[in-house]
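Me: I've got a model open and would like to talk it through with you. Shall we go from the overall picture down to single residues?

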Amino acid sequence: MKGTLTEQPLAELIREISAKGLSGTLRLEHERAQTAVYFETGQLVYAASNLRTLRLREYLNKRGMIAKKDRATLEDNLSDLALAAVLSTSGTLSQKEGEGLITALTADVLRVALLWTAGTWQFNESARLDDPVRVQVDVADLLREAAQRMPLNFVSDRFRNPGEKISRASEVPRPSNFLPAESFMLSRLDQPSSVEDLVVLSGLREPDAHRLIYGLALSGFVEREYWHNVFRTAPAKPKEPIGDRAAPEIPARRTGHTDSRWTSFSDDEEALEKFLIRLSQAGNYYEVMELPSTAAAEEIKEAYYALARRYHPDKFHLQSGTQLHAKLSSAFARITQAYETLTNPNSRVAHDQAIERSKRLSEAPKAAGTEPSPDSTADFEFETGGAKTETGNAEYNFRAGLLALKEARINAATTYLAAAARLAPQEARYRAYYGRALAASEQTRRLAENEIQAAVKLDPASANFRTMLAELYFDLKFHRRAQTELDRALALDPKNALALALSRKLEKSRKVG
């Protein structure tokens, strides 16, 4: 079996070979560079390259791990595995050091080859690795990392069907070093969604959203409805996964053209100003969404996506930092809040009741022959100032998220706090409270761990963040981990009220247990 890397890049080949439990050797050629990747029943066990910088001898030289006189005695034509065996037998390297170097070398070989988008590949099931070495590399992380470094146009071209369904994997693998945008997307995938809808939901430019989805799909965190498969061997699992269905014929994506609506206001500036004026005059969430009060949930969803496609601030990224972009960010935050409120049955009932109260207040003065009170629509006042910088936008989203979290509007809190974390990923507060919002839902608690751990790394002296992590472990019933983090929090701040309260809960649970 053979093909080109343009049609089937290494990342997709690894995914398919792993999914189908194949064994054999995958050989790649890119210009003068060659790489061989070895598999055993779907597990990647070793990789080697002919590039000098990716050979064990070069690694040893750079790290100064063997003396110059010892290097002179080594044969020049030894393979990396043979060289490692010689050094281990002679006692120059310990077995642990040799295994560590081979593992690091394999990961670096893959990092380079995963970025090749041109060249050829050939898979031979009868060619196996003779050496007993079996490295343990985190393939999922390597595939996600590669997706973030591949050319945007190349990744976008892997999504030719905007209606293709993406669903969260039935069991999300262990928490990893997710980007805030990755955590956010996973947290919103309660049910299969189309690529087109996910692009809108992400708030990213289409190519950036495609890159995010691609990395999550390659690493098994989400499943694609269609993959371009090349191996006919039946999958190792008896039930065919969603990702292994054949893709229908879809017309090729046009390249080399950018829709100017997403990069410039010049053509639609007048329409945009009208939109902002209309939104500023909206008295309630139905008017924000331009919907009747009888609108069904599906109508609300469609209206939100339609507004997002036209007016999401990230679509106008070239205007970032301008006053108009700040107004648009503030306006769209209001749209998001309207959508979250109207799609939550309890919040919608409360909103409808507020509308009725407002009507009664405005009609009472008219009956008495007086002017209505200027405060009659106070239930629907919003912050419209908008920030002029990304940091300002992040802080605005953070404050809106905290308010939503206090009011137990978890969907709204997740949306706002995810936006804050994405705009300023080095701000520990944003990552911690985004994690707390994710922790409110049982389905996303494991994703929450990644965000709160990131906050702890950014600000290791914060007792509050460590207590949040301890609370999460307590909810997950990892009581030993919870106690460890709690001890660290109390060491930082012995009088921390949250930590002391959690300590009492842990003590009580031990007595009950």
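Reply: Sure. One term before we start: accessible areas come from the Shrake-Rupley method with a 1.4 Å probe. Keep in mind too that this is a predicted model.

Me: What share of the accessible surface of the protein chain belongs to carbon and sulfur atoms?
Reply: Start from the total, which comes to about 26400 Å² for the protein chain. The part of that surface belonging to carbon and sulfur atoms is 49%.

Me: And how much of the protein chain is buried?
Reply: The chain has 513 residues, and its secondary structure comes to 22 helices and 8 strands. Among contacts with a separation of 6 or more, 68% are between residues 24 or more positions apart. A residue counts as buried under 20% relative accessible area. By that cut-off, the buried share of the residues is 47%.

Me: Which stretches have a pLDDT below 50?
Reply: The mean pLDDT of the protein chain is 79, and 80% of its residues reach 70 or more. Two stretches fall below 50, and in the model they have 57 contacts and 32 contacts, respectively, beyond near neighbours in sequence. Where pLDDT is low, the predicted coordinates should not be read in detail. The stretches to handle that way are residues 234–267 and 370–390.

Me: Which helix gives the most to the largest nonpolar core?
Reply: That core has 117 residues, and those with the most contacts inside it are Leu26, Leu56, Leu110, Leu114 and Trp121. A second, separate core has 28 residues, including Tyr285, Met289, Leu307 and Ala338. Back in the largest core, 8 residues come from the helix that gives the most, α20 (residues 463–475).

Me: Which side chains of β5 point to the buried face?
Reply: In a regular strand the side chains alternate between the two faces of the sheet. Strand β5 (residues 120–124) follows that pattern, with Thr120, Gln122 and Asn124 pointing to the face where they are not buried. The side chains on the other face, which are buried, are Trp121 and Phe123.

Me: Which residue of β2 stands opposite Phe123?
Reply: β5 pairs with β1 (residues 2–4) through 3 antiparallel bridges, and there Thr4 has Thr120 as its bridge partner. β5 also pairs with β2 (residues 24–30), again antiparallel, over 5 bridges. In that pairing, the residue opposite Phe123 is Leu26.

Me: Why is β2 largely enclosed by the rest of the structure?
Reply: Besides β5, strand β2 pairs with β3 in the antiparallel sense over 7 bridges, with Gly24 bridged to Phe39. The hairpin of β2 and β3 has 2 residues between the strands, and Glu31 takes a positive phi near 55 degrees there. β2 is largely enclosed because of its count of buried residues, which is 5 of the 7.

Me: Where is Phe231, and is it buried or exposed?
Reply: Phe231 lies in the loop between β8 and α11 (269–281). It touches Met1, Leu13, Glu16, Ile17, Lys20, Leu22, Trp121 and Phe123, leaving out residues up to four places away in sequence. Phe231 and Glu16 are 215 residues apart in sequence, yet their C-alpha atoms are 7.7 Å apart in space. With a relative accessible area of 6%, Phe231 is buried.

Me: Which strands stand at the edges of the open sheet of 3 strands?
Reply: The order in that sheet is β7-β6-β8, with antiparallel pairing. An edge strand has a single partner here, so one side of it is left without a neighbour in the sheet. That describes β7 (193–194) and β8 (222–224).

Me: Which helix packs on that sheet?
Reply: β6 (residues 165–168) is joined to β8 by 3 bridges, one of them between Ser167 and Glu223. The helix touches both β6 and β8, and its direction makes about 100 degrees with that of β8. This helix is α10 (residues 206–218).

Me: What is the phi of Glu290?
Reply: Most residues other than glycine have a negative phi. Thr41, in the loop between β3 (33–40) and β4 (43–49), has a positive one, near 45 degrees. Glu290 sits in the loop between α12 (285–289) and α13 (297–311), and counts as exposed at 54% relative accessibility. Its phi is also positive, at about 55 degrees.

Note on methods. Residues numbered from 1 in each chain as written. Heavy atoms only, no water. Pairing = 2+ DSSP bridges. Helix = DSSP H or I, 4+ residues; strand = E, 2+ residues; numbered from the N terminus. Contact = heavy atoms within 4.5 Å. Axes fitted to C-alpha atoms, helices over the stretch in contact; angles between N-to-C directions. Core = buried A, V, L, I, M, F, W, Y, C linked by side-chain atoms within 4.5 Å. Buried < 20%, exposed > 50% of the residue type's maximum accessible area, 1.4 Å probe, protein only. pLDDT = per-residue confidence, 0-100.
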